[in-house]
Amino acid sequence: MANKILIVEDEVKIARFLELELKHEGYEVEVVHDGRSGYERGLSGNFDIIILDLMLPEMSGIEVCRRIRRESEVAIIMLTAKDDVSDKVMGLDTGANDYITKPFAIEELLARIRAILKRNRFIQGAQNKKVLSAGKLVLDAEGHRVTFQGEEISLTKKEFQLLEYLMKNKGIVLTREKILDKVWGYDYVGDTNITDVYIRYLRTKIDDKYGVKYIHTIRGMGYQFKDEQQ
Ligand code: CA
């Protein structure tokens, strides 16, 4: 079955170009040209991915993203007009899975789409398996156990939850706020630097100890868990 993609873009030329390219790749595509339609179709249309422009009439891309995210986990790729880090951070904070800066090469967008579809399948698999792995690092959610090359790593409850969240979102840039919300919860009151503190704990116990690099700092953005790099 073809994957379904919704394009929310008010610039008709760009929308048409994207529609043709994506259809050519074999995706089922629907196009709307304003934020309100994007929100309505995004929720009701059962899409695999929404490509969402930031600057839209009637409702901004950020607002569309925020509202959809309240009710749905559908993957969202935000199109940002300029290379503005604050737009990207805001997009990721409101629940976008990825962003791409205009003008972009179509190949880059296609690669992002494939990565998200692959990740969707991975998450579906992971939810059943409950065992996450990245190279020699294995996290068993049910057995509450983490090993590196078979050697057990002792983690506190929060360190374990943070690592699990990072591994589930392998390859995705996660902002501090997003990590805080997902791992510590919306009602957490205290220092937001707590994420940095716990990232440091994990690095000490895993990256530094075994001479590997899983946890990457993305400057001005947050953190990203990647497959082991020597
Ligand atoms: Ca626009």
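Visitor: Where does N46 lie in the chain?

Guide: In this predicted model, N46 lies in the loop between α2 (35-44) and β3. Its phi is near 55 degrees, a positive value in a residue other than glycine.

Visitor: Why is N46 called exposed?

Guide: The relative accessible area of N46 is 64%. The term exposed applies over 50%, so N46 with its 64% counts as exposed.

Visitor: H144 also has a stated accessibility; why is H144 called partly exposed?

Guide: H144 has a relative accessibility of 44%. Buried means under 20% and exposed means over 50%, with partly exposed in between; therefore H144, at 44%, is partly exposed. This residue lies in the loop between β7 and β8, and its phi, near 50 degrees, is positive although H144 is not glycine.

Visitor: What makes strand β3 mostly covered?

Guide: Strand β3 spans residues 49-53, and 5 of its 5 residues are buried. That term requires a relative accessible area under 20%. I49, I51 and D53 point one way from the strand, while I50 and L52 point the other way, and all are buried.

Visitor: How many of the residues of β4 are buried?

Guide: In β4, 6 of its 6 residues are buried, and the strand is mostly covered. A75, I77 and L79 point one way, I76, M78 and T80 point the other way, and all are buried.

Visitor: How do you know that β3 pairs with strand β1 and with strand β4?

Guide: Two strands pair if at least two bridges are found between them. Strand β1 (residues 4-8) is joined to β3 by 4 bridges, and β3 is joined to β4 (residues 75-80) by 5 bridges; both counts therefore satisfy the criterion. The pairing of β1 with β3 is parallel, and that of β3 with β4 is parallel as well. On the β1 side, L6 has I50 as its bridge partner, and I5 stands opposite I49. On the β4 side, the bridge partner of I51 is I77.

Visitor: What lies between β3 and β4 in the β-α-β unit, and which hand does the unit have?

Guide: Helix α3 (residues 61-71) completes the unit with β3 and β4, and the unit is right-handed.

Visitor: Which strands stand at the edges of the sheet that contains β3?

Guide: The sheet is open, has 5 strands in the order β2-β1-β3-β4-β5, and is paired in parallel. Its edge strands are β2 (28-32) and β5 (98-101), since each pairs on one side only. Neighbouring strands of this sheet are turned by 20 degrees against each other on average, direction ignored. At the β5 end, 4 bridges join β4 to β5, and L79 has I100 as its bridge partner.

Visitor: What kind of peptide bond joins K102 and P103?

Guide: That bond is cis, with omega at about -5 degrees. P103 has its place in the loop between β5 and α5 (106-129).

Visitor: Why are β6 and β9 said to stand at the edges of their sheet?

Guide: That open sheet has 4 strands in the order β6-β7-β8-β9, with antiparallel pairing. β6 (131-134) and β9 (151-153) each have a single partner strand, so one side of each is left without a neighbour in the sheet. On average, neighbouring strands here are turned by 25 degrees against each other, direction ignored.

Visitor: How do you know that β8 and β9 are paired?

Guide: Strand β8 (residues 145-148) and β9 are joined by 3 bridges in the antiparallel sense. At least two bridges are required, so these strands count as paired. T147 stands opposite E152 in β9.

Visitor: Which strands does helix α6 lie across, and which does helix α8 lie across?

Guide: Helix α6 (residues 157-168) lies across β6, β7 (137-140) and β8, at about 110 degrees to β7. Helix α8 (residues 194-210) lies across β7, β8 and β9, at about 145 degrees to β9.

Visitor: Why is α7 called roughly perpendicular to α8?

Guide: Helix α7 (residues 176-184) packs against α8 at an angle of about 80 degrees, with the axes 9 Å apart. Angles of 65 to 115 degrees count as roughly perpendicular, and α7 is therefore roughly perpendicular to α8. In this contact, R176, I179, L180 and W184 of α7 meet I194, T195, D196 and Y198 of α8. By class, there are 5 nonpolar, 1 polar and 2 charged residues.

Conventions:
Residues are numbered from 1 along each chain as its sequence is written. This is a predicted model: local features need pLDDT of at least 70, side-chain atom pairs count only at pLDDT 80 or more; totals for chains, interfaces and linings use all residues. Side-chain values use heavy atoms; hydrogens and water are left out. Buried means under 20% relative accessible area, exposed over 50%, partly exposed in between (1.4 Å probe, protein chains only). Helices (H or I, at least four residues) and strands (E, at least two) are DSSP runs, numbered from the N terminus. A crossover is right-handed if, with the strands pointing away from the viewer, the path from the first strand over the helix to the second runs clockwise. Axes are lines fitted to C-alpha atoms, for helices over the stretch in contact, and angles run from 0 to 180 degrees between N-to-C directions. Contact means heavy atoms within 4.5 Å. Angles under 35 degrees count as roughly parallel, over 145 as roughly antiparallel, 65 to 115 as roughly perpendicular and the rest as oblique. Ala, Val, Leu, Ile, Met, Phe, Trp, Tyr, Cys and Pro count as nonpolar, Asp, Glu, Lys and Arg as charged, and the others, Gly among them, as polar.
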